[in-house]
Amino acid sequence: MQNLVKHVSQRIRYLRKSANLTQEQLSELLDIDRSYIGKIERGEVNVSLDTLERIAVALKVDSFEFFAGHNNKPDNTDKKRISLKKINLLMDSQNSEELKSIYEMIRIVRSYKNIP
């Protein structure tokens, strides 16, 4: 069980950093003490499923992300998923004209690199 706690705690830290959030910012989103976030990320506490779900919502990830992988480093699928989520967060704030322009830029870059 201790290996699972350590794995989950390291995944939470990785996903928090990937979301460009500090422990302080995450603690504010969750309305819990920053020191508790630190304890979670160091594997010093057994976090409840309810808290895991709240963390997942705050980080905008699926809760299964905390259990992904056999080691503590994300695989390419994890990296791709996180990159797509970051792109989606950026795109949410764009209006339709901006999205059309961004799409056109991506299309041009892909054609330049011969990517179908």
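This report walks through the helices, the nonpolar core and the salt bridges of a predicted model.

## The chain at a glance

Let's start with the overall layout. The chain has 6 helices and 0 strands, so its elements, read from the N terminus, simply run α-α-α-α-α-α. Of its 116 residues, 28% are buried. The exposed area comes to about 8,300 Å², with carbon and sulfur atoms supplying 54% of that surface.

Contacts across the sequence are well represented too. Taking the contacts between residues at least 6 apart in sequence, 59% join residues at least 24 apart.

## Two helices with a buried face

Helix α4 spans residues 49-59, and its buried residues are Thr51, Leu52, Ile55, Ala56, Ala58 and Leu59. They line one face of the helix, because their directions, viewed down the axis of α4, fall within an arc of 165 degrees. On the face turned away from this buried side you will find the exposed residues Leu49, Asp50 and Val57. Just after α4 comes lysine 60, with a positive phi of about 60 degrees.

Helix α3 can be read in a similar way. Its buried residues are Ile37, Gly38, Ile40 and Glu41. Seen down the axis of α3, these fall within an arc of 160 degrees, so they too line one face of their helix. After α3 comes glycine 43, whose phi is positive, near 75 degrees.

## The largest nonpolar core

Which residues have the most contacts inside the largest nonpolar core? They are Ile12, Ile55, Leu59 and Phe66, in a core of 17 residues. Helices α1 (2-18), α2 (23-30), α3 (34-41) and α4 each supply at least two residues of this core. The largest share, 5 residues, comes from α4.

Phenylalanine 66 deserves a closer look. This residue lies in the loop between α4 and α5 (76-92), and its relative accessible area is 0%, so it counts as buried. Leaving aside neighbours within four places in sequence, phenylalanine 66 is in contact with His7, Val8, Arg11, Ile12, Leu15, Leu52, Ile55, Ala56, Leu59 and Val61. One of these partners, leucine 52, is 14 residues away along the chain, and the two C-alpha atoms are separated by 8.4 Å. Isoleucine 12 makes contacts of its own: not counting residues up to four places away in sequence, it touches Ile40, Glu41, Leu52, Ile55, Leu59 and Phe66.

## Charged residues under cover

Is arginine 16 buried or exposed? With a relative accessible area of 6%, this residue of helix α1 is buried. Its side chain reaches the backbone oxygen of leucine 21 at 2.8 Å. Not counting residues up to four places away in sequence, arginine 16 touches Leu21, Thr22, Gln23, Leu26, Glu41 and Leu59.

Glutamate 41 is another buried charged residue, at 1% relative accessibility. It forms a salt bridge with arginine 13, the closest N and O atoms being 3.3 Å apart. This pair links distant parts of the chain, since glutamate 41 sits in helix α3 and arginine 13 in helix α1, 28 residues apart. Arginine 13 is partly exposed, with a relative accessible area of 28%.

## Salt bridges along α6

The count of salt bridges comes to 6. Helix α6 (residues 96-112) holds the pair glutamate 97 and lysine 100, and because these are 3 residues apart, about one helical turn separates them. Their closest N and O atoms are 3.6 Å apart in the salt bridge. Lysine 100 counts as exposed, at 53% relative accessibility.

Arginine 107 and glutamate 104 also lie in α6, again 3 residues apart, about one turn of the helix. Their side chains meet in a salt bridge at 2.4 Å, N to O. Arginine 107 is partly exposed at 40% relative accessibility, and glutamate 104 is partly exposed with a relative accessible area of 32%. Elsewhere, salt bridges that share partners join Arg13, Arg16 and Glu41 into one network.

Note on methods
Residues numbered from 1 in each chain as written. Predicted model: local features only at pLDDT ≥ 70, side-chain atom pairs only at ≥ 80, totals over all residues. Heavy atoms only, no water. Buried < 20%, exposed > 50% of the residue type's maximum accessible area, 1.4 Å probe, protein only. Helix = DSSP H or I, 4+ residues; strand = E, 2+ residues; numbered from the N terminus. Arc of directions from axis to C-beta. Contact = heavy atoms within 4.5 Å. Core = buried A, V, L, I, M, F, W, Y, C linked by side-chain atoms within 4.5 Å. Polar contact = N/O pair within 3.5 Å; in protein donor to acceptor, adjacent residues only side chain to side chain. Areas by Shrake-Rupley, 256 points an atom, 1.4 Å probe, with all protein chains shown as cover. Salt bridge = Lys/Arg side-chain N within 4 Å of Asp/Glu carboxyl O.
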